[in-house]
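Subject: Structure for you, with notes

Hi,

Here is the structure I promised to pass along. My notes follow below it, and I hope they save you some time.

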Amino acid sequence: MGAPGGEEKWTPSKAFRTPSYWLLLSAFFLSSMVVAGVLQNEVNFLTVMGIPMATATFALGFTGGMGGLGKLAFGFLADRLNPRHAAIVCFAMQLVGVVVLIMTHSPAMMCFFVFVYGFSMGGNVAVQPLVTGQLFGIASFGVIFGWVSLAGAVGSSVGPVLGGVICDISGSYATAFIVFLVVYALATVAIFLARSPRMKKAAQSE
């Protein structure tokens, strides 16, 4: 992988005029939304599926602990591969983790979910700045990444509310997680399509 952003000097205004930047914002808004929504509803869903409350609560804490390992692992992966590809793997693993959660009826399945989902959700934090730098370089990285980070923060605040509303309307946590699966699929497509833009295209309107 070459130097982030190549020789092009991206400014925030130029970045905002590229489809890739909006795809990047959307990808991390959506993925952060689901992470927060899953964590908010994880304990209640596990208890509904027959897991004891104490065990489900422990699983939530361990999910966060696995996230710490995921940050290190996905940072390592992104350094050695394409950061955007690492983000795709990160999102795809989270999607698989939610599928496992929906199917969880036993402590063994719960442990599998905790490992897969906890590990991969930690990657969100690691890959956000790396993908941003890869696509738009470092000339205006602070502001450009600041908006990406803000999108993730807004998504994190929306996720628990959305999950709660879906559960209240449908009467089922599973329905909320199925919606989250669709959101993860959209996030994965968005980051896949967020290719390195060409400066001349962004500068045409100047």
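Leaving aside its neighbours within four places in sequence, G37 is in contact (heavy atoms within 4.5 Å) with G159, P160 and F180. G37 belongs to helix α2, where helices (H or I, at least four residues) and strands (E, at least two) are DSSP runs, numbered from the N terminus. With a relative accessible area of 0%, G37 is buried; buried means under 20% relative accessible area, exposed over 50% and partly exposed in between, using a 1.4 Å probe and protein chains only. From G37 to F177 the C-alpha distance is 8.6 Å, although 140 residues separate the two in sequence.

Before going further, a word on conventions. This is a predicted model, in which local features need pLDDT of at least 70 and side-chain atom pairs count only at pLDDT 80 or more, while totals for chains, interfaces and linings use all residues. Residues are numbered from 1 along each chain as its sequence is written, and side-chain values use heavy atoms, with hydrogens and water left out.

Helix α8

F177 and F180 bring us to α8, as both are among the buried residues of that helix. Helix α8 covers residues 173-193, and its 21 residues should span 30 Å at 1.5 Å a residue; the end C-alpha atoms are 31 Å apart, which agrees. The expected span here is 1.5 Å times one less than the number of residues.

The other buried residues of α8 are A176, L181, V183, Y184, A187, T188, A190 and I191. Their cover includes α2 (19-48), α4 (83-102), α5 (107-121), α6 (123-136) and α7 (141-170). V189, also in α8, is partly exposed at 47% relative accessibility. V189 sits 8.9 Å from L23, C-alpha to C-alpha, with the two positions 166 residues apart in sequence.

At the start of α8, a side-chain oxygen of S172 comes within 3.2 Å of the backbone nitrogen of A174. That is a polar contact: a pair of N or O atoms within 3.5 Å, where within protein one must be able to donate a hydrogen and the other to accept it, and residues adjacent in sequence count only if both atoms are side-chain atoms.

How α4 meets α8

Two packed helices are described by the angle between their axes and the distance between the axes. For α4 and α8 the angle is about 170° and the axes are 9 Å apart. That makes α4 roughly antiparallel to α8. Axes are lines fitted to C-alpha atoms, for helices over the stretch in contact, and angles run from 0 to 180 degrees between N-to-C directions. Angles under 35 degrees count as roughly parallel, over 145 as roughly antiparallel, 65 to 115 as roughly perpendicular and the rest as oblique.

On the α4 side, the contact residues include R84, F91, Q94, L95 and I102, and on the α8 side they include F177, L181, Y184, T188 and F192. The residues of this contact divide into 17 nonpolar, 2 polar and 1 charged. For that split, Ala, Val, Leu, Ile, Met, Phe, Trp, Tyr, Cys and Pro count as nonpolar, Asp, Glu, Lys and Arg as charged, and the others, Gly among them, as polar.

Helix α3 and its surroundings

The 28 residues of α3 reach 41 Å from first C-alpha to last, close to the 40 Å expected at 1.5 Å a residue. Buried in α3 are A56, A59, T63, M66, G67, G70, F74, G75 and A78, and what covers them includes α2, α4, α5 and α6.

T63 has a relative accessible area of 0%, and a polar atom of its side chain lies 2.7 Å from the backbone oxygen of A59. Not counting residues up to four places away in sequence, T63 touches L39, E42, F113, V114, Y117, G118 and M121. L60, in α3 too, is partly exposed at 31% relative accessibility; with the same sequence cut-off, L60 touches L39, E42 and V43.

Over in α5, S120 is buried at 0% relative accessibility. The side chain of S120 reaches the backbone oxygen of Y117 at 3.2 Å. Beyond four places in sequence, S120 touches F74, C90, M93 and Q94.

Happy to talk any of this through.

Best wishes
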